[in-house]
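User: Please explain the terms used for this model, setting each value against its cut-off.

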Amino acid sequence: NASRHLLGIINDILDLSRLEADRLPLETRSFVLQSVFDSLFMLLGDRAEEKNLALINEIPPALSALELRGDALRLGQIFINLIGNAIKFTFNGAVTIALSSIRDALKVSAKDTGVGIQREDQDKLFRFFGKIENTKDINRSGMGLGLTISK
């Protein structure tokens with residue numbers, strides 16, 4: 001676990017460095033959206049189960065079967081950062097991942113039964129090393145880079 005955690009931090013720092021240097025190329029390939037969600041549930045399902053949380057999939061099959069063009073790996077990384085945080089800060093209940101279609105766009109959302117974030121603190125999460133420090137009894141492991149990279 002420690003080595004995986006350290007590797008994650010190193011990868012985040014490298015990704016951040018590439019972003020800052022404008023050297024993080026995005027691929028443009030065809031992929032089926034379901035493959036991204038399959039990876040997400042496979043990678044995070046155990047983490048949710050360890051915390052006795054329900055990881056709920058509200059992704060309509062018709063939407064998940066869509067073939068898109070873009071960078072599936074980076075899209076998956078964003079989802080893992082967002083849903084991983086939801087799992088980290090939820091202590092009982094569930095984390096729900098939903099997909100909907102709005103006009104010609106897809107909307108992915110995460111809903112959890114976690115501690116919540118005060119509106120005035122939300123912008124801090126997308127800054128370098130951004131964390132909310134005024135919450136008690138919460139595991140603040142990680143470097144605060146995942147959401148910055150996602151942004």
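Analyst: Rings of Phe, Tyr and Trp (its six-membered ring) pair if their centres lie within 6.5 Å; planes under 30 degrees apart count as stacked, over 60 as edge-to-face and the rest as tilted. By this rule the count comes to 1 aromatic pair. The model is predicted: local features need pLDDT of at least 70, side-chain atom pairs count only at pLDDT 80 or more, and totals for chains, interfaces and linings use all residues. Residues are numbered from 1 along each chain as its sequence is written, and side-chain values use heavy atoms, leaving out hydrogens and water.

User: Why is the pair of phenylalanine 37 and phenylalanine 79 called stacked?

Analyst: The ring centres are 5.3 Å apart and the planes differ by 10°; the limits are 6.5 Å and 30 degrees, so the pair counts as stacked. Phenylalanine 37 lies in helix H2 and phenylalanine 79 in helix H4, 42 residues apart. Both phenylalanine 37 and phenylalanine 79 are buried (under 20% relative accessible area; exposed is over 50%, partly exposed in between; 1.4 Å probe, protein chains only).

User: What makes asparagine 85 partly exposed?

Analyst: Asparagine 85, found in helix H4, has a relative accessible area of 26%, which falls between 20% and 50%, so the residue is partly exposed.

User: How do you know whether H2 is roughly parallel or roughly antiparallel to H4?

Analyst: The axes of H2 (residues 33-50) and H4 (residues 72-88) come within 10 Å and cross at roughly 30°. Therefore H2 is roughly parallel to H4 (under 35 degrees; over 145 is roughly antiparallel, 65 to 115 roughly perpendicular, the rest oblique).

Technical notes:
Axes fitted to C-alpha atoms, helices over the stretch in contact; angles between N-to-C directions. Helix = DSSP H or I, 4+ residues; strand = E, 2+ residues; numbered from the N terminus.
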